Every structure is written in structure tokens, then in C-alpha cells.
Amino acid sequence: MIKITHLTSAHPRYDTRIFVKMCCSLAKKENYEVRLIVADGLGDELKNSVQIIDIGAKEGGRVARMTATSLKVFEKAVQLQSHIYHLHDPELIPIGLKLKKLGHKVIFDAHEDLPKQILAKPYLNPVSKRVLSFFASSYEKFVLKKFDGIITATPYIRDKFLKINDMTIDVNNFPIVSELSNTTPWSQKADEICYIGNLTTVRGIKELVKAMELLDGVRLNIAGKYLENGLEEELKSYKGWEKVNFLGFLDRDGILEVLKRSKAGVVTLYPIINYVDALPVKMFEYMVARLSVISSDIDYWKEIVEGNECGLCVNPKNPQEIAKAIEYIIQHPKEASKMGENGKQAVLKKYNWRNEEEKLLYFYKKLLRS
């Protein structure tokens with residue numbers, strides 16, 4: 001029996017990429033025993049054949065989490081004596097080196113491009129951003145070449161890491177087709193659109209709510225939580241908020257219900273440095289649920305949305321453009337329904353977890369043979 005342990009000090013235990021997709025996919029294989037170390041204080045449990053091991057709630061702030069919590073993760077990992085350790089947070093890279101020195105195989109999973117992510121942090125001044133980004137990039141180049149493998153969440157990040165470690169593959173966050181598929185007839189959908197995800201300024205939520213002010217007879221379903229102080233109060237001060245159904249954070253079943261009744265899904269993130277090469281999960285979830293997509297006019301996203309004729313692309317900072325796209329979806333049901341079908345077919349052919357699962361399993365087999 002091959003023992004595999006996934007480690008996270010920052011993500012929730014049921015994280016879609018880590019638990020729902022990766023851990024559960026590996027646990028389906030008879031020769032894999034899968035454990036997931038988390039830090040949430042909710043206790044141990046066995047779920048979907050994955051043993052979830054809790055080292056206790058995260059310590060204080062970022063610094064405490066990067067030190068005390070990471071140390072606890074390392075100590076538990078050593079106790080488990082696994083064949084492969086799969087790390088999901090940059091702050092765990094140092095313990096990955098320690099596990100390597102103990103003779104274990106170690107994978108780092110790059111969910112995001114860390115140096116670019118630092119450059120986009122609003123709470124850092126420009127000089128601090130450049131300095132920290134430079135050191136993060138240098139650290140990655142020095143350390144990650146020593147790891148046994150690197151998995152990335154996008155092809156762009158994959159290409160970056162291939163220059164550091166040739167045992168690198170992209171495993172994209174594409175949806176599990178059966179999870180969010182629905183067959184609700186277009187005629188039974190309400191004149192509603194939806195936004196699903198965390199709420200921040202750079203994710204375009206202000207412009208989206210402002211766009212609602214320009215529309216009649218349309219409502220916006222928002223499912224997510226606020227990540228910025230003062231944002232909730234500001235959004236509620238907009239006239240467009242009167243046309244919002246704020247649903248808060250929803251589980252996967254709740255999200256499916258929102259998708260069933262909505263005609264379009266909105267993903268109008270700002271074109272900041274760490275988004276222009278990203279593949280937003282919500283876009284593909286809208287597609288698999290047969291919604292029209294209204295996305296930012298980022299070149300990479302336009303290739304997907306316009307290339308598959310599954311939606312409309314807009315300037316995410318222009319409420320008038322966003323409103324015009326929403327109006328088109330509502331007033332042209334035949335065309336909008338076709339967009340939804342095109343998106344579903346694109347997911348079935350290419351943008352689905354089954355394809356990515358095969359890549360993940362192949363990578364593990366190759367790593368174990370090396």
C-alpha cells in the first residue's frame with residue numbers, strides 16, 4: 001500500500017482542489033492510502049476514504065501560521081511516514097526540504113504564481129512588493145529544483161516551473177462534470193444572473209452591482225463572503241443593491257441551486273498581474289452548468305469564452321458594458337441558451353476534471369517509478 005499525505009496549513013479541509021478533486025481521486029485507487037493534514041481545529045475524520053488529520057486551529061496571524069502551525073504540520077507529517085508528501089502552501093516549502101532530507105518524495109502544488117501574487121497585494125507599498133516578489137522568485141528557483149515534482153494549477157505556471165524542475169505538470173482546476181451539471185430548461189430559469197466567489201474590489205464586484213442599477217427586471221444572485229473591510233457597507237449603499245439577492249457562503253448543493261435558476265454567470269475580475277494568466281474555476285463551473293458566461297476581456301479568457309462561443313467578454317471596470325452584456329443575455333434567450341450548450345460541450349471535451357485526474361495519476365505513477 002502506497003501512503004500519500006497531502007498537507008495544508010491555510011486551506012479548509014474540504015477545499016475543492018485539494019480534497020474534493022485530488023485526495024478523493026487518489027483514494028479511489030486500491031493501492032493508495034490517502035491522508036490530508038489540515039489546521040482548522042475541527043478534529044480528525046474519515047471522509048470518502050480519505051483520512052483527514054487535524055493538527056489544531058491555525059496560530060494567530062500570518063507569521064504565526066508560517067512558523068508554529070507549519071512546525072506542527074511537519075511533526076505530524078513525520079509521524080505518518082508516507083511515501084509521497086504533497087504540499088499545497090508556499091509557507092510549507094521549508095518543511096518540504098526537511099522531508100526531502102529524511103528520504104521522502106515531495107511534491108509542491110503551485111495553486112498560484114507567488115511572485116505575481118505578491119505584486120498584487122494592495123496592503124504592500126510598491127517597493128516592498130518588488131523586493132518580496134524578487135526574493136520569492138529567487139527562493140523558488142533555489143529550493144523547488146530539489147523537490148521530486150511540481151504540480152501547477154495553470155499552463156502558464158507550469159511553463160515557469162519547467163525551467164526550474166523538469167518534473168513539472170499542470171493539473172488544472174476544471175470542474176467535475178457530474179457535480180454541477182443540470183438540465184433545467186432555459187424557459188424555466190428566472191431573469192437572474194449570478195456571481196459565485198469571494199467578494200473583493202479586484203474581483204469586480206463594485207462594477208457588477210453598479211451595472212444592476214442600469215437594468216430593469218433582472219436580479220443578481222451573489223454567493224460568497226466579504227474579504228475586505230467596509231466593502232459590504234459600500235455595496236449596500238449602491239442603488240443596484242436593491243436588485244441583489246445576497247446569499248452568503250453556500251455549500252456545493254446551494255451553489256447548484258443558484259446555477260439552476262440563473263441564466264448567466266459573471267466573472268469580471270480586474271486584469272491585474274496575477275489574474276491575466278489565471279484560469280478562474282468559477283468560469284468553468286458556469287460552463288458545465290450551461291450558463292452563458294460574462295467574463296473580463298482578458299486575452300487568455302477571450303480565447304476560451306469567445307473561442308467556444310459560450311459567452312460575452314466585457315471591460316470589467318465599465319458598468320455600462322457589463323449591463324449591456326447582461327441585457328443581451330436576458331433579451332436573447334435562443335442565443336443565450338446556445339451559449340450555455342456550447343460551454344457545456346467545451347467542458348465535456350476539454351475543460352473537465354476527468355482529463356486532469358488522468359494527468360494527476362500519471363504523474364504519481366511516474367514519480368513512484370523514479
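Which residue forms a salt bridge with Lys116? Select Asp277 and you have the partner: the closest N and O atoms are 2.7 Å apart. Keep in mind as you click around that this is a predicted model.

**Stop 1: Asp277 and Lys116**

Colour by secondary structure and look at where the two ends sit. Asp277 is in the loop between β12 (264-267) and α11 (281-288), while Lys116 belongs to helix α4, so you are looking at a link between distant parts of the chain, 161 residues apart. Switch on a surface next. Asp277 counts as partly exposed because its relative accessibility is 22%, and Lys116 counts as buried at 15%.

**Stop 2: helix α5**

Now select residues 126-143, which make up helix α5. Its 18 residues reach 26 Å from the first C-alpha to the last, close to the 26 Å expected at 1.5 Å a residue. Show side chains for Lys129, Ser133, Ala136, Glu140 and Val143, the buried residues of α5. They cover an arc of only 115 degrees around the axis, so they end up on the same side of α5. What covers them? Add α3 (93-101), α4 (114-119) and α6 (155-162), which are among the elements covering those buried residues. Then turn to the other side of α5 and pick out Arg130, Phe134 and Phe135, which are exposed.

**Stop 3: Glu285 and Arg252**

Back to charged pairs. Glu285 forms a salt bridge with Arg252, and here the closest N and O atoms are 2.7 Å apart. This one runs from helix to helix: Glu285 is in α11 and Arg252 in α10 (residues 252-261), 33 residues apart. Is Glu285 buried or exposed? Buried, because its relative accessible area is 8%. Arg252, at 24% relative accessibility, counts as partly exposed.

**Stop 4: Glu341 and Arg290**

Next, select Glu341 and Arg290, whose side chains meet in a salt bridge at 2.9 Å, N to O. Glu341 lies in helix α14 (residues 333-349) and Arg290 in the loop between α11 and β13 (292-296), so the pair ties together parts that are 51 residues apart in sequence. With the surface still on, Glu341 counts as partly exposed at 30% relative accessibility, and Arg290 counts as buried at 11%.

**Stop 5: a network**

Finish by selecting Arg158, Asp159, Asp170, Glu356 and Lys359 together, since salt bridges link them in a network. If you'd like to keep hunting, a search of the whole structure finds 21 salt bridges.

Conventions: Residues are numbered from 1 along each chain as its sequence is written. This is a predicted model: local features need pLDDT of at least 70, side-chain atom pairs count only at pLDDT 80 or more; totals for chains, interfaces and linings use all residues. Side-chain values use heavy atoms; hydrogens and water are left out. Helices (H or I, at least four residues) and strands (E, at least two) are DSSP runs, numbered from the N terminus. The expected span of a helix is 1.5 Å times one less than its number of residues. Buried means under 20% relative accessible area, exposed over 50%, partly exposed in between (1.4 Å probe, protein chains only). The arc is that of the directions from the helix axis to the C-beta atoms. Contact means heavy atoms within 4.5 Å. A salt bridge is a side-chain nitrogen of Lys or Arg within 4 Å of a carboxyl oxygen of Asp or Glu.
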